[in-house]
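This report goes through selected backbone features, helix contacts and salt bridges of one chain. The sequence and the model come first.

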Amino acid sequence: MTAPFKDLLIIDLTHVLAGPYCSLIFSDLGARVIKVERPGTGDDTRHFPPFRANGDSAYFATINRGKESIALDLKDQADRIVFEDLLARADILMENYRPGVMERLGYGFDTLHKQFPRLIYGAVSGFGHTGPEALKPAYDMVVQARGGVMSITGEKDREPVRVGASVGDIVAGMFLGHGIMAALYQREKTGLGQKVDVAMLDSQLAILEHAIAITGETGNAPGPSGARHPSIAPFETFHTEDGLIVIAAGNDDLFAKLCNAMEIPALSTDNRFSTNAARCQNVKLLKRLIEAVTLGETRAHWLDRLTTSGIPCAPIQNVAEAMRDPQILARDMVIDVVDPHGGPAYKAAGNPIKLSAYTSEKPTLTSPLLNAHSDSIRGWLKEQK
């Protein structure tokens with residue numbers, strides 16, 4: 001089957017992470033993504049480590065594989081003509097400038113919607129295009145801090161910490177993708193594009209789940225709980241003879257199975273632990289009782305035994321271990337990105353969206369050199385006229 005977005009053309013003005021992560025999703029599903037970059041410097045991430053021996057950024061490569069690059073100065077009249085020719089043929093425009101920048105360039109949504117009514121305009125920014133602080137700048141850590149995520153991340157009675165992955169950017173990019181797909185669906189009915197406005201700060205609130213529920217119900221904001229889930233027990237890390245494992249018994253039936261597997265069945269009928277609410281009230285005692293057993297055997301022993309009993313559990317793997325995990329490899333979640341110079345491949349995360357009617361042919365997934373496709377894009381535009 002053909003790729004689901006094979007006929008989509010995306011003009012991608014975004015840089016760094018949130019926007020490029022969104023356009024990567026579309027690229028992985030077959031869309032043609034033309035990355036419009038600043039002449040001379042290009043995307044900021046071209047200058048982020050780690051670097052290959054030839055000076056190219058592996059960071060940039062992993063987020064921008066499969067895209068084309070053209071360098072355009074949107075204040076230059078000749079380049080504006082090329083940009084507008086691209087817009088005339090595009091399905092989607094993505095940008096992540098501060099609100100007002102595109103309007104000053106003459107390419108705000110209202111202007112473009114009149115000129116290109118089918119064009120979908122996807123915008124991602126720190127604080128969105130409305131509200132009293134829309135013009136403020138933001139990065140991932142800024143919205144993690146302001147959106148509440150940092151306040152629940154880390155260990156109790158210690159300073160808040162940033163989530164290790166850039167969830168401020170990545171989640172916003174994912175929501176932008178969802179919004180654009182909704183706009184594409186609506187365009188099939190109306191023939192008209194629309195603006196999709198996603199804020200990184202909004203996106204952090206949207207993923208707070210239990211923290212919103214706890215605060216809304218009790219009036220008390222939760223703090224960090226380390227590796228423990230604040231509303232489910234046992235649902236955290238446990239020490240074994242030779243290391244840590246995660247055990248996630250998410251309901252009463254699983255807890256009973258866990259107790260049987262650990263040969264402490266009486267624990268599941270003890271009034272202090274017989275319900276999830278009771279287990280949460282007595283979570284520290286519960287952990288001590290479980291670890292009194294788990295410390296007697298190795299990590300491998302418990303992972304095997306608990307898995308056999310149907311208990312969700314896992315080793316705590318570092319990134320290198322995760323990238324060698326047979327289950328992850330079996331689903332093509334570690335892929336090679338070919339160096340544009342023809343050198344050894346980069347490693348990158350694969351596409352997590354698996355479709356029954358489409359299997360990727362695993363093409364060479366190059367990341368573009370700055371302005372590498374200028375001639376081919378300009379030639380293609382001439383052919384379209």
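In which loop is Pro-234 found? Pro-234 is in the loop between α9 (210-218) and β7 (235-240). The model is a predicted one, and the values below are computed from it.

**Backbone features**

The peptide bond that leads from Ala-233 into Pro-234 is cis, with omega near -5°. Another cis peptide bond joins Pro-49 and Pro-50, where omega is about 5°. Pro-50 belongs to the loop between β2 and α2.

Ser-57 also lies in the loop between β2 and α2. With a relative accessibility of 5%, Ser-57 counts as buried. Leaving aside residues up to four places away in sequence, Ser-57 touches Thr-45, Arg-46, Phe-48, Pro-50, Phe-51 and Tyr-346. Pro-50, from the cis bond described above, is thus one of the residues that Ser-57 touches. Between the C-alpha atoms of Ser-57 and Asp-43 there are 11 Å, and these two residues are 14 residues apart along the chain.

Val-16 is not a glycine, yet has a positive phi of about 65°. Val-16 sits in the loop between β1 and α1 and is buried, its relative accessible area being 15%. Asp-157 likewise is not a glycine and has a positive phi of about 65°. The place of Asp-157 is the loop between α6 and α7. Is Asp-157 buried or exposed? At 75% relative accessibility, Asp-157 counts as exposed. A positive phi is found too at Gly-30, which follows α1 and has a phi near 105°.

**Helix α1 and its contact with α7**

Helix α1 spans residues 18-28, and helix α7 spans residues 167-190. The two pack at an angle of about 50°, with their axes 7 Å apart. Angles that are neither under 35 degrees, nor over 145, nor from 65 to 115 count as oblique, and therefore α1 is oblique to α7. The crossing in which α1 passes α7 is right-handed.

On the α1 side, the contact is made by Ala-18, Tyr-21, Cys-22, Ile-25 and Phe-26. On the α7 side, the residues include Asp-169, Ile-170, Met-174, Leu-176, Ile-180, Met-181 and Leu-184. An α-helix has 3.6 residues a turn, so residues three or four places apart point the same way. By type, the contact of α1 with α7 comprises 12 nonpolar residues, two polar and one charged.

How many of the residues of α1 are buried? Of its 11 residues, 10 are buried, and α1 is mostly covered. Among the buried ones are Ala-18, Cys-22, Ile-25 and Phe-26, which also take part in the contact with α7. Besides α7, the buried residues of α1 pack against β1 (9-12), β2 (32-37), α2 (58-63), β4 (92-95) and β5 (120-125).

**Helix α3 and helix α16**

Helix α3 (residues 77-89) and helix α16 (residues 374-384) have axes that come within 11 Å and cross at roughly 60°. Here the crossing is left-handed. From α3, Asp-79, Val-82, Asp-85, Leu-86 and Arg-89 meet Ile-377, Arg-378, Trp-380, Leu-381 and Gln-384 of α16. These residues divide into five nonpolar, one polar and four charged.

**Salt bridges**

The structure holds 15 salt bridges. The table lists some of them.

| Residue | Partner | Closest N and O atoms |
|---|---|---|
| Arg-32 | Glu-68 | 2.7 Å |
| Asp-140 | Arg-162 | 3.0 Å |
| Arg-305 | Glu-263 | 2.7 Å |

Arg-32 lies in strand β2 and Glu-68 in strand β3 (residues 68-71); the pair links distant parts of the chain, 36 residues apart. Arg-32 is partly exposed at 24% relative accessibility, whereas Glu-68 is buried at 16%.

The bridge between Asp-140 and Arg-162 joins helix α6 (residues 140-146) to the loop between α6 and α7, over 22 residues. Asp-140 counts as buried at 6% relative accessibility, and Arg-162 as partly exposed at 32%.

Arg-305 and Glu-263 meet through their side chains. Arg-305 is in helix α13 (residues 299-308) and Glu-263 in the loop between α10 (252-261) and α11 (276-281), so the bridge ties together parts that are 42 residues apart in sequence. Arg-305 is partly exposed at 27% relative accessibility, while Glu-263 is exposed at 58%.

Finally, Glu-133, Lys-136 and Arg-146 are linked in a network of salt bridges.

Note on methods: Residues are numbered from 1 along each chain as its sequence is written. This is a predicted model: local features need pLDDT of at least 70, side-chain atom pairs count only at pLDDT 80 or more; totals for chains, interfaces and linings use all residues. Side-chain values use heavy atoms; hydrogens and water are left out. Axes are lines fitted to C-alpha atoms, for helices over the stretch in contact, and angles run from 0 to 180 degrees between N-to-C directions. Helices (H or I, at least four residues) and strands (E, at least two) are DSSP runs, numbered from the N terminus. A crossing is left-handed if the near helix is turned anticlockwise from the far one by less than a right angle, and right-handed if clockwise. Contact means heavy atoms within 4.5 Å. Ala, Val, Leu, Ile, Met, Phe, Trp, Tyr, Cys and Pro count as nonpolar, Asp, Glu, Lys and Arg as charged, and the others, Gly among them, as polar. Buried means under 20% relative accessible area, exposed over 50%, partly exposed in between (1.4 Å probe, protein chains only). A salt bridge is a side-chain nitrogen of Lys or Arg within 4 Å of a carboxyl oxygen of Asp or Glu.
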